[in-house]
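Work through the following exercises with the sequence and the structure side by side, and try each task before you read its solution.

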Amino acid sequence: MLPKDDKKKKDTIKLAKTDKNTVHKSGSKAKEKKWSKGKVQDMLNNLVLSDKVTHDKFYKTGPNYKLITPAVVSEKLKIHGSLAREVLQELLSKGFIKLVSKHRAQVIYTRNTKGGDASTVGEDA
């Protein structure tokens with residue numbers, strides 16, 4: 001058995017070495033970075049079928065928007081994009097909005113002003 005003094009010296013030497021190594025580690029011995037889990041996006045709970053309340057709300061506020069697209073309507077009314085496209089087609093046929101530009105993937109409408117004529121509907125901008 002070792003004398004107590006030698007045992008204390010060995011313990012202090014070990015502690016000093018471990019402290020020095022944790023501060024100056026580099027390469028594969030360095031402490032690995034902890035990655036965050038990332039942000040989780042909330043699931044949208046949009047309506048699939050139109051109800052009377054949503055329908056009336058859009059007929060009041062929808063034709064007043066300057067820029068009307070299916071994405072804008074979908075976000076403001078919390079409805080699916082396919083339902084928004086159908087509602088916009090209905091508004092266009094009734095003359096509440098007018099077509100600005102139609103592309104394969106994007107349709108842009110604007111409000112139908114009282115002074116504007118309906119003959120410009122369908123022309124690309």
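**Exercise 1: Helix 2 against helix 3**

Task: Find which residues of helix 2 meet which residues of helix 3, and describe how the two helices cross.

Solution. In this predicted model, the contact is formed on the side of helix 2 by T54, K57 and F58, which meet V73, K76 and L77 in helix 3. Sorting the residues of this contact of helix 2 with helix 3 by character gives 3 nonpolar, 1 polar and 2 charged.

The next step is the geometry: the axes of helix 2, which covers residues 52-61, and helix 3, which covers residues 70-77, come within 11 Å and cross at roughly 125°. Because of that angle, helix 2 counts as oblique to helix 3, since angles of 65 to 115 degrees would be roughly perpendicular and those over 145 roughly antiparallel. The last step is the handedness, and helix 2 passes helix 3 in a right-handed crossing.

**Exercise 2: Helix 2 against helix 4**

Task: Carry out the same analysis for helix 2 and helix 4, beginning with the angle and the distance between their axes.

Solution. Helix 4 spans residues 81-94, and it packs with helix 2 at an angle of about 50°, the axes being 12 Å apart. Helix 2 and helix 4 are therefore oblique to each other, because the angle is neither under 35 degrees, which would be roughly parallel, nor in the range of 65 to 115 that counts as roughly perpendicular. The crossing of helix 2 and helix 4 is right-handed.

Turning to the residues, H55, F58 and Y59 in helix 2 meet V87, L88, E90, L91 and K94 in helix 4. The residues of this contact of helix 2 with helix 4 divide into 5 nonpolar, 1 polar and 2 charged. If you set the two exercises side by side, you will find F58 in the contact with helix 3 and also in the contact with helix 4.

**Exercise 3: Three residues around the end of helix 3**

Task: Decide for S74, K78 and G81 whether each is buried, partly exposed or exposed, and say where each is placed.

Solution. Begin with S74, which is found in helix 3; its relative accessibility is 14%, so S74 counts as buried, the cut-off being under 20%. When neighbours within four places in sequence are left aside, S74 is in contact with N46, I79, H80, G81 and A84.

Continue with K78, which is found in the loop between helix 3 and helix 4. Its relative accessible area is 48%, so K78 is partly exposed. The backbone of K78 also deserves a look, since K78 has a positive phi of about 60° although it is not a glycine.

Finish with G81, whose place is in helix 4 and which counts as partly exposed at 28% relative accessibility. Although G81 and L47 are 34 residues apart along the chain, their C-alpha atoms are separated by 9.7 Å.

**Exercise 4: The whole chain**

Task: Describe the order of the elements and say what share of the residues counts as buried.

Solution. The chain has 4 helices and 2 strands, and from the N terminus on they run α-α-α-α-β-β. Of its 125 residues, 19% count as buried. The chain exposes about 10900 Å², of which carbon and sulfur atoms supply 55%. Finally, among contacts between residues at least 6 apart in sequence, 46% join residues at least 24 apart.

Technical notes. Residues are numbered from 1 along each chain as its sequence is written. This is a predicted model: local features need pLDDT of at least 70, side-chain atom pairs count only at pLDDT 80 or more; totals for chains, interfaces and linings use all residues. Side-chain values use heavy atoms; hydrogens and water are left out. Axes are lines fitted to C-alpha atoms, for helices over the stretch in contact, and angles run from 0 to 180 degrees between N-to-C directions. A crossing is left-handed if the near helix is turned anticlockwise from the far one by less than a right angle, and right-handed if clockwise. Contact means heavy atoms within 4.5 Å. Ala, Val, Leu, Ile, Met, Phe, Trp, Tyr, Cys and Pro count as nonpolar, Asp, Glu, Lys and Arg as charged, and the others, Gly among them, as polar. Buried means under 20% relative accessible area, exposed over 50%, partly exposed in between (1.4 Å probe, protein chains only). Accessible areas come from the Shrake-Rupley method with a 1.4 Å probe; for residues, only the protein chains shown count as cover.
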